[in-house]
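Work through the following exercises with the sequence and the 3D structure open beside you. Try each task before you read its solution.

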Amino acid sequence: MSRLIVVSNRVAPTQEGRPAAGGLAIGVLDALKETGGVWFGWSGEIIGESQAPEIEKQGKVTYATVGLTRRDYDQYYRGFSNATLWPTFHYRTDLSRYDRQEYAGYLRVNTTLAKQLKAMLEPDDIIWVHDYHLLPFARALRELGVSNPIGFFLHIPFPVPEMLRTVPPHEELVKAMCSYDVLGFQTQADRQSFVDYIERGGFGTASDDGMIHAFGRVLKVGAYPIGIYPDAIASAAQQFADRKQVNTLRDAMRGRKLIMSVDRLDYSKGLVERFQAFERLLLASPNWHGRVSLVQIAPPTRSDVQTYQRIRQTLEGEAGRINGRFAQLDWTPIQYLNRKYERNLLMALFRLSQVGYVTPLRDGMNLVAKEYVASQDPEDPGVLVLSQFAGAAEQLPGALVVNPFDLTQMAEALERALSMPLPDRKARHADMMAQLRSGDLSTWRDAFLVDLRRVTTAASVTRKAVKLADIAA
């Protein structure tokens with residue numbers, strides 16, 4: 001069987017016992033452990049000059065990591081990836097900036113990484129590339145003569161054409177994306193945005209079977225919603241239920257209701273709006289004073305980027321203002337924790353809470369929403385309040401879906417969640433668990449790789465047919 005080569009901006013920690021953080025890391029690592037292969041990408045280290053990949057093998061997984069120079073990090077990662085693509089793809093063009101030198105650095109790093117990977121490739125390898133840092137990676141490989149099948153999966157939203165066109169090299173980026181054999185998106189809406197760009201721009205056509213003819217290539221474009229392993233998460237939530245931190249929070253609640261929220265500290269997550277909606281709950285329903293607390297865990301991210309520093313300051317200010325307005329001697333309405341916690345511990349904290357509060361302003365899938373549901377006690381489950389702009393909203397029918405720009409609606413959903421009768425909570429939870437089991441992480445991986453192999457086989461047959469026709473002529 002051919003090897004699976006996974007390429008992503010970051011490679012998960014390889015030390016045993018260290019949890020992989022984030023949907024990309026969890027999904028990729030589990031896939032590689034099952035199928036075997038190579039994980040190639042940035043080590044997270046800043047180095048003086050480019051070096052050969054560092055190779056480490058653990059079981060069936062080979063890790064190949066490279067460092068980035070300070071210039072590459074500033075232009076490729078902090079620059080075009082996270083100062084241009086990330087805000088634009090999350091519909092925050094007000095925070096996006098474009099710099100030609102940063103874009104040049106983005107292309108340069110993609111080319112450098114492609115050269116480093118090429119030296120490791122075998123003829124039968126299947127390559128699976130992940131996320132917005134690597135949009136032009138397949139084109140870089142093709143220019144180096146690599147003909148292996150290459151698929152790409154975008155973990156964040158793909159914006160509508162009008163939004164994408166605010167990025168000056170938008171056409172070049174989309175043309176580069178068409179060098180892949182399969183393009184995968186989280187939702188049908190994201191997939192449609194890509195198709196709309198191709199067709200409305202006159203760059204190609206799409207057929208009913210998901211194939212696109214554009215820029216002289218034929219590729220498959222589909223929606224592959226990423227999942228989790230719900231039963232494994234449920235088990236972890238139970239196993240960690242007696243950890244010291246869980247018991248400490250349980251004792252501190254003193255029988256109060258707990259609203260639990262976990263997100264990276266990012267402007268796309270709607271954290272300020274979340275705090276303000278909780279404030280509206282307290283204003284509209286004084287009966288909840290002293291009876292409910294919001295715990296917001298927001299690990300720092302990209303702390304060297306000024307925009308993220310401002311988010312942290314704003315959020316700390318809002319937490320302090322709301323607590324100052326409502327707190328009592330024995331009750332703090334909001335506990336805001338700007339630090340990381342072990343993933344399995346978070347699952348146990350989810351299980352302890354009565355409400356999961358997941359309200360991003362825009363998100364690709366948001367696995368936290370799925371993890372919250374899977375962590376619950378099926379005999380006494382909590383209620384999920386979920387943004388309509390998270391991809392997970394399409395797959396979790398039992399959630400209370402809200403518009404995160406409507407603070408009053410969010411406050412009303414919190415009130416409903418806190419007051420929901422047990423039979424309703426159990427029915428909603430059962431419906432969502434059925435969805436999570438039928439669309440788990442293996443389903444996501446297998447669906448994508450089946451399509452990648454199928455498209456590759458079809459292309460091979462076509463090439464042989466064309467070659468035979470040429471010979472006959």
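The exercises below concern a predicted model.

**Exercise 1. The nonpolar cores**

Task: Find how many residues the largest nonpolar core has, and state where it lies relative to domain 1 and domain 2.

Solution:
- Step 1. The largest nonpolar core has 91 residues. Phe-137 and Phe-194 have the most contacts inside this core.
- Step 2. Domain 1 covers 4-227 + 441-469, and domain 2 covers 230-439. Both domains give residues to the core, so the core lies between them.
- Step 3. Now take Phe-194 and leave aside its neighbours within four places in sequence: its contacts include Phe-158, Phe-185, Ile-212 and Val-221. Val-174, Met-177, Cys-178 and Leu-183 are also in contact with Phe-194.
- Step 4. Another core, of 61 residues, lies apart from the largest one. Val-6, Leu-32, Trp-128 and Leu-258 are among the residues of this other core.

**Exercise 2. The surroundings of Arg-243**

Task: Locate Arg-243, and decide whether Arg-243 is buried, partly exposed or exposed.

Solution:
- Step 1. Arg-243 sits in the loop between α8 (230-239) and α9 (244-253).
- Step 2. The relative accessible area of Arg-243 is 38%. Buried means under 20% and exposed means over 50%, so Arg-243 counts as partly exposed.
- Step 3. Leaving aside neighbours within four places in sequence, Arg-243 is in contact with Glu-342 and Leu-345.
- Step 4. From C-alpha to C-alpha, Arg-243 and Ala-348 are 8.5 Å apart in space, while 105 residues separate them in sequence.

**Exercise 3. Two helix pairs**

Task: Classify the orientation of α9 and α12, then that of α13 and α15.

Solution:
- Step 1. The axes of α9 and helix α12 (residues 343-352) come within 9 Å and cross at roughly 25 degrees.
- Step 2. Angles under 35 degrees count as roughly parallel, and therefore α9 and α12 are roughly parallel to each other. The crossing in which α9 passes α12 is right-handed.
- Step 3. On the α9 side, Gln-245, Val-246, Leu-249 and Arg-250 make the contact. On the α12 side, Leu-345, Ala-348, Leu-349 and Leu-352 do so.
- Step 4. For helix α13 (residues 367-375) and helix α15 (residues 422-438), the axes come within 10 Å and cross at roughly 120 degrees.
- Step 5. This angle fits none of the parallel, antiparallel or perpendicular ranges, so α13 and α15 are oblique to each other. α13 passes α15 in a left-handed crossing.
- Step 6. Lys-370, Val-373 and Ala-374 of α13 meet His-429, Met-432, Met-433 and Leu-436 of α15 in this contact.

Terms used: Residues numbered from 1 in each chain as written. Predicted model: local features only at pLDDT ≥ 70, side-chain atom pairs only at ≥ 80, totals over all residues. Heavy atoms only, no water. Core = buried A, V, L, I, M, F, W, Y, C linked by side-chain atoms within 4.5 Å. Buried < 20%, exposed > 50% of the residue type's maximum accessible area, 1.4 Å probe, protein only. Domains from an automatic or database assignment. Contact = heavy atoms within 4.5 Å. Axes fitted to C-alpha atoms, helices over the stretch in contact; angles between N-to-C directions. Helix = DSSP H or I, 4+ residues; strand = E, 2+ residues; numbered from the N terminus. Parallel < 35°, antiparallel > 145°, perpendicular 65-115°, else oblique. Left-handed = near helix turned anticlockwise from the far one by under 90°.
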